[in-house]
Amino acid sequence: MALCTALVTDQVSKTIVAMNADRLSDGLPLLPGFNLTFLRNDGVTFGLLGDVPWWALALVGVAVCGLITMMMWRSTRRIEAMAYGLIVGGALGNIIDRLRFGAVTDFLDFYVGNTHWPAFNIADVAIVTGVALLFVPETSSRLSKE
């Protein structure tokens, strides 16, 4: 369920952003320190590996998704399975972008003053949330007992 939720939410949000690319290309201020914007990142985190072909990054992503999917199916804890699902759903969202556009659509722009954090997307949020959930101790999680 987490996998599908992450993937669908990511793809719907990116579609809406792409449909409004002209309006968002210079950034649309929503709150102090937060803009919606439209960017395409041909690299990975922080734009690293931008010189690597998109198809190579997509292949690596597919391989990693396969491995994490196996871990999800073997998981005995619900919270762990949810975490893996979020990671795979987010990764698949970014892989779909690479296959469609050769780059990943980013649109969440946080900043302080003139210093901007690298823009990111819902897929990235799902991946980071999934990784964080993997650190939830078994004894302190109600979800691990369900």
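Select Leu3, Ala58, Cys65, Ile68, Met72, Tyr84, Ile87, Val88, Ala91 and Ile95: these 10 residues make up the largest nonpolar core of this predicted model. Two elements, α3 (54–74) and α4, each give two or more residues to this core. The largest share, 5 residues, is supplied by α4.

Next, centre the view on Ile68. Apart from its neighbours within four places in sequence, Ile68 is in contact with Tyr84, Ile87 and Val88. A second, separate core of 8 residues can then be displayed; among its members are Val17, Ala21, Leu24 and Leu108.

**Helix α4**

Colour residues 78–101, which form helix α4. This helix has 24 residues, and the distance from its first C-alpha to its last is 34 Å, close to the 34 Å expected at 1.5 Å a residue. Helix α4 lies across β2 and β3 (104–112), and runs at about 120° to β3. Continue past the end of the helix to Gly102, which follows α4 and has a positive phi, near 75°.

**The sheet**

Now show the strands. There are 4 of them, forming an open sheet in the order β1-β2-β3-β4 with antiparallel pairing. The edges are occupied by β1 (28–31) and β4 (115–116); each has a single partner strand, so one side of each is left without a neighbour in the sheet.

Zoom in on β1 and β2 (residues 34–41), an antiparallel pair joined over 3 bridges. Two of the residues to pick in β1 are Leu28 and Leu31: the bridge partner of Leu28 in β2 is Leu36, and that of Leu31 is Phe34. The two strands form a hairpin with 2 residues between them. Select Gly33 in this turn, where phi is positive at about 90°.

**Helix α1**

Finish at helix α1 (residues 2–19). Its 18 residues should span 26 Å at 1.5 Å a residue, and its end C-alpha atoms are indeed 26 Å apart. Which residues of α1 are buried? Select Ala2, Leu3, Ala6, Asp10, Gln11, Ser13, Lys14 and Val17 to see them. Turn the view to look down the axis of α1: the buried residues fall within an arc of 165°, so they line one face of the helix. On the other side of α1, Val8 and Met19 are exposed.

Two of the buried α1 residues lead back to the cores. Leu3 belongs to the largest nonpolar core, whereas Val17 belongs to the second, separate core.

Definitions and conventions:
Residues are numbered from 1 along each chain as its sequence is written. This is a predicted model: local features need pLDDT of at least 70, side-chain atom pairs count only at pLDDT 80 or more; totals for chains, interfaces and linings use all residues. Side-chain values use heavy atoms; hydrogens and water are left out. Two strands pair if DSSP finds at least two bridges between them. Contact means heavy atoms within 4.5 Å. Axes are lines fitted to C-alpha atoms, for helices over the stretch in contact, and angles run from 0 to 180 degrees between N-to-C directions. The expected span of a helix is 1.5 Å times one less than its number of residues. Buried means under 20% relative accessible area, exposed over 50%, partly exposed in between (1.4 Å probe, protein chains only). The arc is that of the directions from the helix axis to the C-beta atoms. A nonpolar core is a set of buried Ala, Val, Leu, Ile, Met, Phe, Trp, Tyr and Cys residues joined through side-chain atoms within 4.5 Å.
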